[in-house]
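Please read the following explanation alongside the sequence and the structure, taking each place in turn.

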Amino acid sequence: MVDLNRVFGTNPIRSICIACKTIIRRWFRRRKSLSSKEDHKRKRHSQTQQEPVEDKKAGETMNGVHSFRFNDDPLRGNNPTSSRREGVYRHRKLDSSCFPCMMDHMSRNEYRKNQTPPNKSRVSYDSIPSPSSSSWNNSGNLKHPNLQSKTSSRRSNPIMYSNSSGMLKPPPIEKKIECTLEELCYGCQKKIKITRDVLTNTGGVTQEEELLTINVQPGWKKGTKITFEGKGNERPGAYREDIIFFISEKRHQLFRREKDDLELGIEIPLVKALTGCTISVPLLGGDKMNLTVDEIIYPGYEKIITGQGMPIPKESGLRGNLKITFLVEFPTQLTRNQRSEVFSILQDSC
């Protein structure tokens, strides 16, 4: 049996505290020595990165990474010392595959700081425009608002062509000319007297008269337009007005025009309509022609006479047709004997 008084003395608690304190002091000393060794390794590692590695033989590898020399680097030149002073010296990036033992003791932030070369300016990304502050062009590319090409500025500001003389063109004056079917059929000459306003040298306005001549061609239709340029009124700061004449047809007593054809209506008594007849047909221009009809003429019966219509402007020498519509005139009164005779004659015709 172990005697505790012999091991710990008369006061065992005090002896235990002294022993623990001694152990703790030894542990702190050992830890301090280990930390000093780690600091020494870090300093050696930083010196190793700042000093370039010189290989005696080109092409030799160290842990799988090719070494480089000052003579082979075009950026450094032949003098490594001058390269360091001028700030052109660049060292090769070290990764964990080359120095795994050193990377274990270095933090990521310290490694990035050591990899940054001295006297090297960093790019500020604050000046780069964001998609929200920039504008997208039509092709989908990001375009900065302050950078505009000459082409875009030209397109945004189109060239406006103006009237160099400063004169305005007023609306034309429209007038109507009435022509008969005879005038449109055979042609005529129309003379129209107009009165217009003219500016004087003193800035006043006076009136002058002019006689315009219109040669109506055979076959002109309703709505044909004849323009006289600069024959209208004169206004300050504007060109003279144009005058436009439109052809209109007067209503005829006998004939009615339908394009290039003429239509005529003739009334005949019932006796001639049933027995046949020869009638005198009036023509446009005052002439007449005899027309013999042997058929029975019923209400709405038509007879066409070719070449007696209106002239065709696009085909010289040709004219349209004359369409004759017959209107049968019935008697208003008949005696009993006349009715019986008509009945006896017509009862077997149906």
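In this predicted model, Tyr-298 is partly exposed, because its relative accessible area of 47% falls between the limit for buried residues, under 20%, and the limit for exposed ones, over 50%. Tyr-301, by contrast, has a relative accessible area of 11% and is therefore buried. Tyr-298 and Tyr-301 also belong, together with Phe-326, to one aromatic cluster.

The structure holds 4 aromatic pairs. One of them joins the rings of Phe-228 and Phe-245, whose centres are 5.7 Å apart and whose planes stand at 90°, so that this pair is edge-to-face. Because Phe-228 lies in strand 8 (residues 225-228) and Phe-245 in strand 9 (residues 243-249), the pair ties together parts that are 17 residues apart in sequence. Both partners count as buried under the 20% limit, since Phe-228 has a relative accessible area of 16% and Phe-245 has a relative accessibility of 1%. The rings of Tyr-298 and Tyr-301, with their centres 5.4 Å apart and their planes at 80°, are likewise an edge-to-face pair, because planes over 60 degrees apart are classed in that way.

Between the two strands that carry the phenylalanine pair runs a loop, and Asn-233 has its place in this loop between strand 8 and strand 9. With a relative accessibility of 14%, Asn-233 counts as buried. What lies 2.8 Å from a polar atom of the side chain of Asn-233? The partner at that distance is the backbone nitrogen of Asp-197. When neighbours within four places in sequence are left aside, Asn-233 is in contact with Asp-197 and also with Ile-173, Thr-195, Arg-196, Tyr-239, Arg-240 and Glu-241.

The last place to visit is on the surface, where Ile-24, Trp-27 and Phe-28 form a nonpolar patch whose accessible area comes to about 350 Å² for the three residues together. Within this patch, Ile-24 has its place in helix 2, which covers residues 12-50. Is Ile-24 buried, partly exposed or exposed? Its relative accessible area is 46%, and Ile-24 is therefore partly exposed, a value that also passes the limit of over 30% that residues must meet to be counted in a patch.

Terms used
Residues numbered from 1 in each chain as written. Predicted model: local features only at pLDDT ≥ 70, side-chain atom pairs only at ≥ 80, totals over all residues. Heavy atoms only, no water. Patch = residues over 30% accessible without salt bridge, like charges linked within 9 Å, V, L, I, M, F, W, Y side chains within 5 Å. Areas by Shrake-Rupley, 256 points an atom, 1.4 Å probe, with all protein chains shown as cover. Salt bridge = Lys/Arg side-chain N within 4 Å of Asp/Glu carboxyl O. Helix = DSSP H or I, 4+ residues; strand = E, 2+ residues; numbered from the N terminus. Buried < 20%, exposed > 50% of the residue type's maximum accessible area, 1.4 Å probe, protein only. Phe/Tyr/Trp six-rings, centres within 6.5 Å; stacked < 30°, edge-to-face > 60°. Polar contact = N/O pair within 3.5 Å; in protein donor to acceptor, adjacent residues only side chain to side chain. Contact = heavy atoms within 4.5 Å.
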